[in-house]
Amino acid sequence: MTAVPLAPPPPARPTLPCAELHLHIEGTLEVPMVLEMADRNGVVLPTPDEAALRRRYEFTDLSSFLALYYENMAVLRTAADFADLTRTYLRRAAAAGVLHAEIMFDPQAHLARGVPLGAVVEGIAEALDDGARDLGLTTALFAAFLRDRPAAEADAVLTELIALDAPIAGIGLDSAEVGYPPSLFVDVFARAEALGLHRIAHAGEEGPAANVRDSLDLLHAERIDHGIRSMEDPALVERLARERVPLTVCPLSNARLHAVPSLAAHPLPEMLAAGLNVCVNSDDPAYFGGYVDDAFAAVRDTFALDTDALATLAANSVEASFVSPERARDLRAAIAAWRAAQP
Ligand code: ADE
Ligand code: ZN
């Protein structure tokens with residue numbers, strides 16, 4: 001009997017190309033890596049059992065997540081740890097369709113554990129260089145200040161980053177939002193601006209819409225991380241649309257941290273309908289159930305987004321990024337090619 005040749009597999013649909021702009025590198029620390037690094041660095045974890053650790057990934061709000069996020073970071077000790085973490089993310093991101101990644105890290109969280117800032121920066125920067133060479137990825141690095149720590153500490157970290165000549169594109173603001181308004185960080189953001197650094201800030205995740213406005217007006221933030229609670233303020237929405245202020249939305253994160261009642265209740269469709277410059281990101285993919293391709297798939301299925309809507313989200317990510325005009329042209333061409341390949 002002659003073998004019937006199998007039909008060739010259907011051509012793989014190319015993954016939607018995009019820029020990922022809201023990503024905490026420490027939030028890519030997957031459970032197996034937590035356990036492996038704990039082992040290699042002799043760190044005793046509060047929850048060393050894998051199954052028990054995984055059971056702790058049910059969050060009630062931002063602070064319940066941050067407690068585990070900071071706890072797990074204890075395993076990151078050396079430049080090699082930060083390089084391994086970053087390399088692993090970049091490989092997964094490239095498979096997810098990410099062509100350009102703007103990545104935050106939390107210097108204070110590592111300094112507080114006695115990890116030298118030089119080791120953190122060296123490890124991440126080495127992996128970013130490897131990602132450019134091996135994966136063709138472009139990247140930008142942002143030092144995010146913890147808003148529930150004193151502003152003077154952020155200022156000292158900025159001084160140290162400058163002294164190290166750290167390859168950062170800018171600064172960000174993250175951690176617990178409620179009770180820590182943007183006004184606390186006016187001076188350090190002004191200093192970063194004078195140094196020619198880009199400025200981004202988490203706002204309107206759990207905190208009020210006023211934090212979005214104040215991040216723009218007081219901190220001169222060029223991009224807002226999350227910003228979903230802007231939708232509670234129609235005048236702000238009108239301004240964000242008019243000024244094309246980028247909002248890096250993270251639907252899986254918002255659902256898992258109960259910033260929205262469910263993914264189906266996420267305001268992404270309303271944000272798109274209002275003409276806002278929203279893009280889709282993973283935030284802390286090891287904690288929230290997926291990388292940026294998973295986030296795109298989830299919003300596509302939940303909101304029945306068509307290919308044009310997906311291409312708009314991807315194009316918004318390019319517009320919201322800090323890439324060069326030449327790189328932006330390449331990214332837009334890749335998105336157009338993806339769109340043309342869709343049925
Ligand atoms: N740090 C890491 N993820 C964060 C988030 N979603 N909000 C604020 N700070 C964070
Ligand atoms: Zn975030």
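# Questions on a predicted zinc-bound model

An open sheet has eight strands in the order S1-S2-S3-S4-S5-S6-S7-S8, with parallel pairing (two strands pair if DSSP finds at least two bridges between them; strands are DSSP runs of E, at least two residues, and helices runs of H or I, at least four, numbered from the N terminus). This is a predicted model: local features need pLDDT of at least 70, side-chain atom pairs count only at pLDDT 80 or more, and totals for chains, interfaces and linings use all residues. Residues are numbered from 1 along each chain as its sequence is written, chains are lettered from A and ligands numbered from 1 in the order in which they are written, and side-chain values use heavy atoms, with hydrogens and water left out.

Colleague: Which strands stand at the edges of the sheet?

Modeller: An edge strand has a single partner strand, so one side is left without a neighbour in the sheet. The strands placed this way are S1 and S8 (277-280).

Colleague: By how many degrees are neighbouring strands of this sheet turned against each other on average?

Modeller: Direction is ignored here. Axes are lines fitted to C-alpha atoms, for helices over the stretch in contact, and angles run from 0 to 180 degrees between N-to-C directions. The average turn between neighbouring strands is 25 degrees.

Colleague: Over how many bridges do S5 and S6 pair?

Modeller: S6 covers residues 223-226, and its pairing with S5 is parallel. One bridge joins Ile200 to Arg223 in S6. S5 and S6 pair over four bridges.

Colleague: Which residue in S7 stands opposite Ile224?

Modeller: S6 and S7 also pair in the parallel sense, over two bridges. In S7 (residues 246-249), Pro246 and Thr248 point one way, Leu247 and Val249 the other way, and all are buried (under 20% relative accessible area with a 1.4 Å probe, protein chains only; exposed is over 50%, partly exposed in between). In a regular strand the side chains alternate between the two faces of the sheet. Opposite Ile224 stands Leu247.

Colleague: Which residues are the protein donors of the zinc ion (ligand 2)?

Modeller: Donors are N, O and S atoms within 2.8 Å of the metal (3.2 Å for Na, K and Ca); water is not among the atoms, so sites may look incomplete. Here the donors lie 2.0 to 2.3 Å from the zinc ion. They are His22 (NE2), His24 (NE2), His202 (NE2) and Asp283 (OD).

Colleague: How many residues apart are His24 and His202?

Modeller: His24 is in S1 (residues 18-24), and His202 is in S5 (residues 198-203). Both are buried. The pair links distant parts of the chain, 178 residues apart.

Colleague: Why is the arrangement around the zinc ion (ligand 2) irregular?

Modeller: Four donors count as tetrahedral if all angles lie between 85 and 135 degrees; four count as square planar and six as octahedral if opposite donors are over 155 degrees apart and all others between 65 and 115; anything else is irregular. The arrangement is irregular because the four donor atoms subtend angles of 83 to 174 degrees.

Colleague: How many disulfides does the structure hold?

Modeller: A disulfide is a pair of cysteine sulfur atoms within 2.5 Å. The sulfur of Cys18 is 8.5 Å from the closest cysteine sulfur, in Cys279, too far for a bond. For Cys279, the nearest cysteine sulfur is that of Cys250, 8.1 Å away. The number of disulfides is zero.
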